[in-house]
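Let's take a walk through this model together, strand by strand. Keep the structure open beside the text as you read.

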Amino acid sequence: MKFFIFIFLMFSLKTFAHHPGHKIEASKPYPIISLEILEDDMDGYNLFVKLENFTLTPEDVGKKNYLNSGHMHLFVNDIKISRVYSIWFHIPGRYFNLEENVIRVTLNSNLHDSFAINGNPIESEIKVEKK
């Protein structure tokens with residue numbers, strides 16, 4: 001019985017999550033995102049995000065959405081690691097557990113919706129092989 005209650009709670013909490021995963025169509029000129037990864041001398045990797053036609057506005061997180069502005073979400077191997085408010089971000093080595101690790105960054109509105117072009121999320125990914 002406890003197992004069924006646990007499963008019910010897990011699905012219920014996901015249904016009412018704060019970040020529902022909706023999409024917002026971006027406006028022209030469309031945002032462009034690309035990634036560069038550099039190994040850090042001490043630990044992990046440093047991620048550089050090149051952005052065009054998108055404004056980072058961390059001061060507005062949780063407030064009204066504006067065209068082509070907001071923040072980013074960082075995923076490593078499909079696990080959300082953090083919100084990103086700058087074009088540089090350090091990712092600790094502990095997140096790189098697989099032989100091939102996938103870093104993905106999405107563009108998100110102030111209210112955490114994903115920006116999209118024709119329904120496709122605006123995102124970029126890069127792979128890092130474990131050494």
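Strand 8 and strand 11 run antiparallel and are joined by seven bridges. In this predicted model, Val-105 stands opposite Ser-124 of strand 11. Strand 11 shows two faces: Ser-124, Ile-126 and Val-128 make up the covered one, while Glu-123, Glu-125, Lys-127 and Glu-129 lie on the uncovered one. That fits a general pattern: in a regular strand, side chains alternate between the two faces of the sheet.

Another antiparallel partnership links strand 5 to strand 6 (residues 79–84), through five bridges. Here His-73 stands opposite Arg-83 of strand 6. The hairpin of these strands has two residues between them, and Asn-77 takes a positive phi near 55° in it.

Now for a sheet that stays open. Three strands form it in the order 2-3-7, with antiparallel pairing. Strand 2 and strand 7 (88–91) are its edges, since each pairs on one side only. On average, neighbouring strands of this sheet are turned by 25° against each other, direction ignored. Strand 3 and strand 7 share four bridges in the antiparallel sense, and Tyr-45 has Ile-91 of strand 7 as its bridge partner.

The strand pairings described above, with their bridges, are gathered here.

| Strands | Sense | Bridges |
|---|---|---|
| Strand 8 and strand 11 | antiparallel | seven bridges |
| Strand 5 and strand 6 | antiparallel | five bridges |
| Strand 3 and strand 7 | antiparallel | four bridges |

Which residues have the most contacts inside the largest nonpolar core? They are Ile-33, Leu-47, Met-72, Ile-103 and Leu-107, in a core of 22 residues. Strand 2 (32–39), strand 3 (45–52), strand 5 (69–76), strand 8 (100–108) and strand 11 (123–129) each supply at least two residues of this core. Strand 3 gives the most, with four residues.

Ile-33 is a good place to look at the core up close. Leaving aside residues up to four places away in sequence, Ile-33 touches Val-49, Lys-50, Leu-51, Met-72, Val-105, Leu-107, Ile-122, Glu-123 and Ser-124.

One of those neighbours, Lys-50, is found in strand 3. Is Lys-50 buried, exposed or partly exposed? Lys-50 is partly exposed, because its relative accessible area is 45%, between the limits of 20% and 50%. With the same sequence neighbours left out, Lys-50 touches Ile-32, Ile-33 and Ser-34. Lys-50 and Glu-36 are 14 residues apart in sequence, with their C-alpha atoms 7.9 Å apart in space.

Next come the aromatic rings. A search of the whole structure finds three aromatic pairs. In the pair of Phe-54 and Phe-115, the ring centres are 5.7 Å apart and the planes meet at 80°, so the arrangement is edge-to-face. Phe-54 lies in the loop between strand 3 and strand 4, and Phe-115 in strand 9 (residues 114–117), so the pair ties together parts 61 residues apart in sequence. Phe-54 counts as buried at 9% relative accessibility, and Phe-115 counts as buried at 2%. Another ring, that of Phe-75, has the charged end of Arg-104 sitting over it, 4.2 Å from the ring centre.

Let's finish in a loop. Thr-57 is found between strand 4 (55–56) and strand 5. Thr-57 counts as buried because its relative accessibility is 9%, under the 20% limit. Residues up to four places away in sequence aside, Thr-57 touches Ser-69, Gly-70 and Asn-110.

Note on methods: Residues are numbered from 1 along each chain as its sequence is written. This is a predicted model: local features need pLDDT of at least 70, side-chain atom pairs count only at pLDDT 80 or more; totals for chains, interfaces and linings use all residues. Side-chain values use heavy atoms; hydrogens and water are left out. A nonpolar core is a set of buried Ala, Val, Leu, Ile, Met, Phe, Trp, Tyr and Cys residues joined through side-chain atoms within 4.5 Å. Buried means under 20% relative accessible area, exposed over 50%, partly exposed in between (1.4 Å probe, protein chains only). Contact means heavy atoms within 4.5 Å. Two strands pair if DSSP finds at least two bridges between them. Axes are lines fitted to C-alpha atoms, for helices over the stretch in contact, and angles run from 0 to 180 degrees between N-to-C directions. Rings of Phe, Tyr and Trp (its six-membered ring) pair if their centres lie within 6.5 Å; planes under 30 degrees apart count as stacked, over 60 as edge-to-face and the rest as tilted. A charge sits over a ring if NZ of Lys or CZ of Arg is within 6 Å of the ring centre and within 35 degrees of the ring normal.
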